[in-house]
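Let's take a walk through this fold, one piece at a time. Keep the structure open beside you as you read.

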Amino acid sequence: MKGNMRITYYAASSIDGFIARENGDVSWLDELAIDMADTGYDEFFAGIDGLVMGRSTYDFVFSYGSWPYSDRPTWVCTSRGLESLEGANLRVARSPDDVVEEAESMELNHLWMVGGGKLASSFLAEGLLSHLSISEMPVRLEAGIPLFADEKLEDLSVEKTEIFPKKGFRQIEIALRTSKRA
């Protein structure tokens with residue numbers, strides 16, 4: 001990366017590495033007795049100044065009918081046109097490099113990669129994903145949409161890993177070795 005852009009893939013995952021069921025369903029998260037205050041989401045969200053997501057993730061958010069991410073600039077990686085939700089500050093990007101270039105030109109420092117696994121793999125392949133913040137839930141899905149499309153968590157080039165036991169799950173914070181870091 002040209003500057004010091006931090007891109008964090010912040011996601012919930014089953015213990016066997018899936019972020020959703022095969023049809024994109026994440027209702028399994030609602031079945032857990034996890035207090036949102038224990039996840040650190042509010043602190044994390046306060047520390048980001050932009051978001052990036054894949055088209056499937058955007059369509060999932062869009063299906064709820066309201067935009068939950070305030071007016072922070074949000075890049076959707078897609079080659080198709082987008083219908084916007086009220087309050088969304090959307091930008092379309094065709095590649096990870098396009099996202100980073102535009103975010104850096106806006107002097108943003110920390111992007112949240114909302115999802116999904118294919119997008120995370122493309123940012124990894126370009127050396128642009130710098131951090132992982134994974135809420136690992138004590139559930140086995142056995143099939144579904146994986147955390148990464150092309151990699152396994154244990155095979156990533158890691159600079160530092162910290163694991164924090166939480167109430168009902170564990171939080172895994174990973175700093176990655178990236179090829180394009182300053």
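Before we start, a word on pairing: two strands count as paired if DSSP finds at least two bridges between them. Bear in mind too that this is a predicted model.

Start with the sheet. It's an open one built from eight strands, and if you step across it you meet them in the order E5-E4-E3-E6-E1-E7-E10-E9, with mixed pairing. At the edges sit strand E5 (89–93) and strand E9 (158–166); each has a single partner strand, so one side of each is left without a neighbour in the sheet. Going from one strand to the next, the twist averages 20°.

Now look at the E5 end. Strand E4 (residues 73–77) pairs with E5 in the parallel sense, over five bridges, and there you'll find Cys 77 opposite Ala 93 of E5. Helix H2 (residues 55–63) packs on the sheet here, touching E4 and E5 as well as strand E3 (50–54) and strand E6 (110–115). The direction of H2 makes about 105° with that of E3. Helix H3 (residues 96–105) lies across strand E1 (6–14), E3, E4, E5 and E6, and runs at about 165° to E4.

Over to the E9 end. E9 and E10 make a hairpin with two residues between them, and Gly 168 in the turn has a positive phi of about 95°. The two strands pair in the antiparallel sense over eight bridges, with Lys 160 opposite Ala 175 in E10. E10 also pairs with strand E7 (residues 131–137), antiparallel again, over six bridges; Glu 136 faces Arg 170 of E10 there.

So how buried is strand E10 (residues 169–176)? Six of its eight residues are buried, so E10 is largely enclosed by the rest of the structure.

Notes: Residues are numbered from 1 along each chain as its sequence is written. This is a predicted model: local features need pLDDT of at least 70, side-chain atom pairs count only at pLDDT 80 or more; totals for chains, interfaces and linings use all residues. Side-chain values use heavy atoms; hydrogens and water are left out. Helices (H or I, at least four residues) and strands (E, at least two) are DSSP runs, numbered from the N terminus. Axes are lines fitted to C-alpha atoms, for helices over the stretch in contact, and angles run from 0 to 180 degrees between N-to-C directions. Contact means heavy atoms within 4.5 Å. Buried means under 20% relative accessible area, exposed over 50%, partly exposed in between (1.4 Å probe, protein chains only).
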